[in-house]
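I opened the notebook to record what I looked up in this structure, entry by entry. I began with the charged pairs and left the strands and the nonpolar interior for later.

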Amino acid sequence: MAGTIDQAKMKFSRIVNSRSYSRFNQSQNPDGEGSRVEVKLAVDGEEEEMDGTELGNMQQETYTRSSRSEPLNKYRILVCVGAALIVFLVGLLIGYSVHRKSDNKSEPLETPCSKKTQADQPDPPHYEPIVPSLDWSDIVTLLNDKLSLKSVEEQLSVYSQIGRSAGSSVDNKLGDTIHDAFTKLNMEPWVDEHYVKLQNPDSSNPNKVWFGNEEIGSPKGFLAYSETGRKEGRVVYASYGELADLQTVQANEVSLNGTVVLMRAGRISMAQKVMNVARLGAVAALIYPDPADYEEMSMETELYGHVHLGSGDPYTPGFPSFNHTQFAPAKSSGLPEILAQTIPASMARKILSKMGGSEVPSEFKGGFPSYTFGDESNKVALSINNKLVDTKIHNVFGVIKGYVDPDRYVVIGAQRDSMTSGYAKSAVGTTLLMELARVFNELRKEGFKPKRSIVFASWTAGDFGKVGATEWLEGYWASLDRKAFTYISLDGVVTGKDSLRASASPLLHTLLQKTLQKVNPIPSSSRLQSYSPDFLSILTSMQMDDGAYPFLTFSGIPSVSFSFISSRTTPDYKYFGTEMDTKERLDIVTGQKVVELSVLAAKVAGQMALRLVHDQILRLDVTKYDGVIESHVKNIINHVNSLKNEKVEKIETLSTEWLIAAKSSYNRAATKLNDDIKNSDLEDIEMCRIINNRIMKVEHNFLSPYVSLRDFPFRHIFFGNGWQTATDLENYLQDVRDKKASFDIDQVLNKFALLTWSIQGCANDLAGDIWSLDNEI
């Protein structure tokens, strides 16, 4: 009480001697207990806080006393004294009241009313220990219950519209439809626009093919990004155009320099076929569907595709095609720069029937009566008149934000465009994307609180080489590796019914395997659990035309794609890139179970995504890279030892010691991380975030830092493409052993050093703190 009286005296003294005052400000009590009066006084223009508590910004008014002094008299003195006493008492009461209210605020009374008020007020998010309101079994049950066969069937009709080539009005309207759907689901949608170069046929000047002076025809199908113009050369038949096929052609004393190479579709991508023959000097390539491979296909069926051995806009390699970016003209190294065209089987039969030369090996033969390599007199000419057009495209996104780490997210994506009908290629995937968005939003309403965010992405220009997705990655690659920790592709998830095929980063192998064990299959449609004991048999290496490939090899984001297929012996869906990719055809291939298999695929993708945002620690198994590193290092050591046994010149200066040490460093770092997880308090949010940061860096650290992003965009040392890869080193050493290449010790030492330090750098980052780094190398 004495302190309160002293405080009041001080305030009274300030009132008498001050030249200014501050107005009383009435503000609402944040505790909901009505209004309170806040007073702020100023002395000589300096603001002070009452009771050590800042009461907020208050408007000040200046009051200046009159400078004229008047004589004092008895009455005036009495009035002044009386006024002073009144002011003193008022100040005393105010000081006591404020002090009492301040005490009450710091230690509120726990009345039933105040308890109810406090209960109604949620704690600030950064103080609240976030724990899921639903356990894992509840989440899985809700996911399975809410996935709807009827909803999938209805949406399939919406997203399978004809004429949805990238940048078309149909494609743009579908994008708007998806944006509206995300808006209704309160997913805060946004659009990512790019201005890319897309190539399409010129309707007024069609492409043509001649055999000698005879016009074979004007195919409607085409290969985007082919060179344009007219070329003529000797026609050579080269089976599928694989490297082994081309070696067989050359072994039969047939040069490919200056030729037009006729190849069958299948086995490898069209872009790979065209690049293979371009590197051997061919001036043009023709690709057709052989009846032996496409038994159900009409002889007039056209093929559509592209020749870019890469992904993204090939005229802005390594950087995004935003409207405001201006660079000197450039081309991707993945453009073969020769003429390329698809032709139907009927045109190919005409050409083959007119060709002479020696007969091809039996393994080259297909469904036509005659197959020869061709002779010098067999000339074929191509006229390619495709037009390269600047096209505005847009990707559409929606997000369900996390409650603990909203800045970390798993991305689920699907291509929505198609050059053809594209039912299996893109309509099914887009439908599942939207169905999962709907279901996850329902889970949120049921009380599910994901720790991390889930981003739903609808890509366009996928048929031109994953252009939309890659441009997004190029635009934001500098931050994506620190935020996006997994990509799940829904492209082509249903192409058959009898088996399963998957491509994934090793970090996701364990999660995928455990998910397949837990997903309850639909009766008579599939037996996912049967794949678990033989899990490795369903895994395939990720190819460049895979929707997940640029995420893994360009951005270092652990990625997965999977598909129901007809059989493991013939996994390819024959109708991709044709007008036969329709609902009716997919119904036949799947035995009328498209919808059921789509829901099953949604369960697999959905459970993987939910697991990744539900647990405290990311379900990415860093130990799975041990086997990958071990395999490559073992192959390299075997090659080196063989060359040493052959006493290749200067090979004695090459040591594998440091590469072995780097491999061991990664193994120790991965083991240490697992030990840290076991010994950590997983209720400590910050500790979990630190551990997750270490896990998230693994994939990105396998992107070689020693190559140009523009020249070698797919920088991954194990799954990428370029001289920086472990596979490239192994192939080079094998070529030296086979006498196909001379041994260059400087080149090999350089490859060894950079590969070693890429692995060691990953191990160091995985180890965590600087004092935990492995110095043994």
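**Entry 1: salt bridges.** I looked up R267 and noted that this residue is exposed, with a relative accessible area of 57%; I keep in mind throughout that the model is predicted. R267 forms a salt bridge with E242, where the closest N and O atoms are 3.6 Å apart. The pair ties together parts that are 25 residues apart in sequence, because E242 lies in the loop between β11 (229–237) and α7 (243–251), and R267 in the loop between β12 (260–264) and α8 (270–279). For E242 I wrote down a relative accessible area of 23%, which makes this residue partly exposed.

I then turned to E359, which forms a salt bridge with K365, and here the closest N and O atoms are 2.3 Å apart. E359 counts as exposed at 52% relative accessibility, while K365 is partly exposed at 36%.

Is the pair R611 and D615 buried or exposed? I found R611 buried, with a relative accessible area of 16%, and D615 buried as well, at 10%; the cut-off I applied is that buried means under 20%. Their side chains meet in a salt bridge with an N to O distance of 3.0 Å. Elsewhere, salt bridges that share partners join D405, D407, R408 and R689 into one network. My count of salt bridges in the model comes to 29.

**Entry 2: the sheet.** I traced an open sheet of 7 strands, which follow the order β9-β8-β16-β11-β12-β13-β15 with mixed pairing. At its edges I found β9 (214–217) and β15 (339–342), each of which pairs on one side only. From one strand to the next the twist averages 30°.

At one edge, I followed β13 (residues 284–288), which runs parallel to β15 and is joined to β15 by 4 bridges; within this pairing L286 stands opposite Q341. α8 packs on the sheet and touches β12, β13 and β15, and its direction makes about 145° with that of β13. Helix α9 (residues 345–354) also packs on the sheet, touching β8 (208–211), β9, β11, β12, β13 and β16 (379–384), and the direction of α9 makes about 145° with that of β9.

At the other edge, β8 and β9 run antiparallel and are joined by 3 bridges, with F211 standing opposite E214 in β9. The hairpin of β8 and β9 has 2 residues between the strands, and I noted that G212 there takes a positive phi near 65°.

**Entry 3: nonpolar cores.** Which residues touch the most other members of the largest nonpolar core? I found I351, F440, F456 and Y666 in that position, in a core of 180 residues. Helix α15 (residues 594–614) supplies the largest share of this core, with 14 residues.

I looked up F456 in particular and, leaving aside residues up to four places away in sequence, listed its contacts, among them F182, M187, V396, F397, I400, L433, L436 and F440. A second core, separate from this one, has 26 residues and includes A271, M275, V399 and V411.

Technical notes. Residues numbered from 1 in each chain as written. Predicted model: local features only at pLDDT ≥ 70, side-chain atom pairs only at ≥ 80, totals over all residues. Heavy atoms only, no water. Salt bridge = Lys/Arg side-chain N within 4 Å of Asp/Glu carboxyl O. Buried < 20%, exposed > 50% of the residue type's maximum accessible area, 1.4 Å probe, protein only. Pairing = 2+ DSSP bridges. Axes fitted to C-alpha atoms, helices over the stretch in contact; angles between N-to-C directions. Contact = heavy atoms within 4.5 Å. Core = buried A, V, L, I, M, F, W, Y, C linked by side-chain atoms within 4.5 Å.
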